[in-house]
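Please open the model in a viewer with selection by residue number enabled. The tour below proceeds from one selection to the next and states what is found at each stop.

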Amino acid sequence: MKAKLADLLARLPEARIGIVGDFCLDAYLILDPSGSEVSIETGLATMAVREQRYSLGGAGNVAANLRALGVGRVAAFGVLGDDPFGWQMMRLFEQTGVDTRGLLVQREGWQTPTYTKPYEGEREARRIDYGNFNELAAETAAALLAGLEQRLGELEVLIVNQQ
């Protein structure tokens, strides 16, 4: 069994894996009440953010994990919005070396699915979700399937990830 595992791990750098599914972004906001002030517009105390961190979620997390395991080529196929969260996701993919040619941007009717998690101390406050009302345009779906079909021959494995 050890020999089989060693053989499998040795072949990871040559592996070609595609992932199609729900690419999400996790946004962590570390709140610090010591920086809060009263808003002139509302008269309410603000929620001051001391730190923000972003990580790939959903299918993006699968892609990042495969790259971390040493898989040589990981290709992403999905839909993002034309928004700061989509841009952040693309930056993270670039850092991890994921092939993003299969990611499409739908400019209307689609927000990059993002789960914003404000933390007050060690406790996660109510999450703010983006993308709950997304509607995939027929043209985007057709383009996604066409792009996937065109590149299937380059892949050894295709993972479908839907949360």
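Select D99 first: at 15% relative accessibility, D99 counts as buried, where buried means under 20% relative accessible area, exposed over 50% and partly exposed in between (1.4 Å probe, protein chains only). The model is a predicted one, in which local features need pLDDT of at least 70 and side-chain atom pairs count only at pLDDT 80 or more, while totals for chains, interfaces and linings use all residues. Residues are numbered from 1 along each chain as its sequence is written, and side-chain values use heavy atoms, with hydrogens and water left out.

**Salt bridges**

Add R101 to the selection. The side chains of D99 and R101 meet in a salt bridge at 2.7 Å, N to O; the term denotes a side-chain nitrogen of Lys or Arg within 4 Å of a carboxyl oxygen of Asp or Glu. In contrast to buried D99, R101 is exposed, with a relative accessible area of 58%. Extend the selection to R73, R151 and E154: together with D99 and R101 they are joined into one network by salt bridges that share partners.

How many salt bridges are there by this rule? The count comes to eleven. Another of them is formed by E51 and R53, whose closest N and O atoms are 3.3 Å apart. E51 is partly exposed at 36% relative accessibility, and R53 is partly exposed with a relative accessible area of 40%.

Now select K117 and D26, whose side chains meet in a salt bridge of 3.7 Å, N to O. This pair links distant parts of the chain, with K117 in strand β6 and D26 in strand β2, 91 residues apart. K117 counts as buried at 14% relative accessibility, and D26 counts as buried at 12%.

**Strand β6 and its partners**

Select residues 114-120, strand β6, which is mostly covered: five of its seven residues are buried. Strands (E, at least two residues) and helices (H or I, at least four) are DSSP runs, numbered from the N terminus. Two strands are taken to pair if DSSP finds at least two bridges between them.

Which strands pair with β6, and in which sense?

- β2 runs parallel to β6, and seven bridges join them; within this pairing, the bridge partner of I30 is Y119.
- β8 (residues 128-130) pairs with β6 in the antiparallel sense over three bridges, and T116 stands opposite I128 in β8.
- β7 (residues 123-124) runs antiparallel to β6, with two bridges between them; here Y119 stands opposite E124.

Y119 is therefore a useful residue to label, as the bridge partner of I30 and as the residue opposite E124 in β7. Between β6 and β7 the hairpin has two residues, and G121 takes a positive phi near 70°.Next, centre on T116 in strand β6. At 6% relative accessibility, T116 counts as buried. Leaving aside neighbours within four places in sequence, T116 is in contact (heavy atoms within 4.5 Å) with A27, L29, F85, R127, I128 and Y130.

**Helix α2 and its cover**

Select residues 59-68, helix α2, and colour A59, G60, A63, A64 and L66, which are buried. Because these residues cover an arc of only 160° around the axis, they lie on the same side of α2; the arc is that of the directions from the helix axis to the C-beta atoms.

What covers the buried residues of α2? The cover includes the strands β1 (16-21), β2 (23-31), β3 (49-58), β4 (73-81) and β9 (157-161), together with helix α3 (84-96). After α2 comes G70, with a positive phi near 105°.

From α2, move to T96, which lies in helix α3. T96 is partly exposed, with a relative accessible area of 26%. Not counting residues up to four places away in sequence, T96 touches A64 and R67. For a distance across the model, select T96 and D129: they are 33 residues apart in sequence and 24 Å apart in space, C-alpha to C-alpha.

**A surface patch**

Finally, select L5, L8 and L9, which form a nonpolar patch on the surface with about 280 Å² of accessible area together. Patches are made of residues with over 30% relative accessible area and no salt bridge, nonpolar side chains (Val, Leu, Ile, Met, Phe, Trp, Tyr) being joined within 5 Å and like charges within 9 Å. Accessible areas come from the Shrake-Rupley method with a 1.4 Å probe, and for residues only the protein chains shown count as cover. L9 is found in helix α1 (residues 2-11) and counts as partly exposed at 46% relative accessibility.
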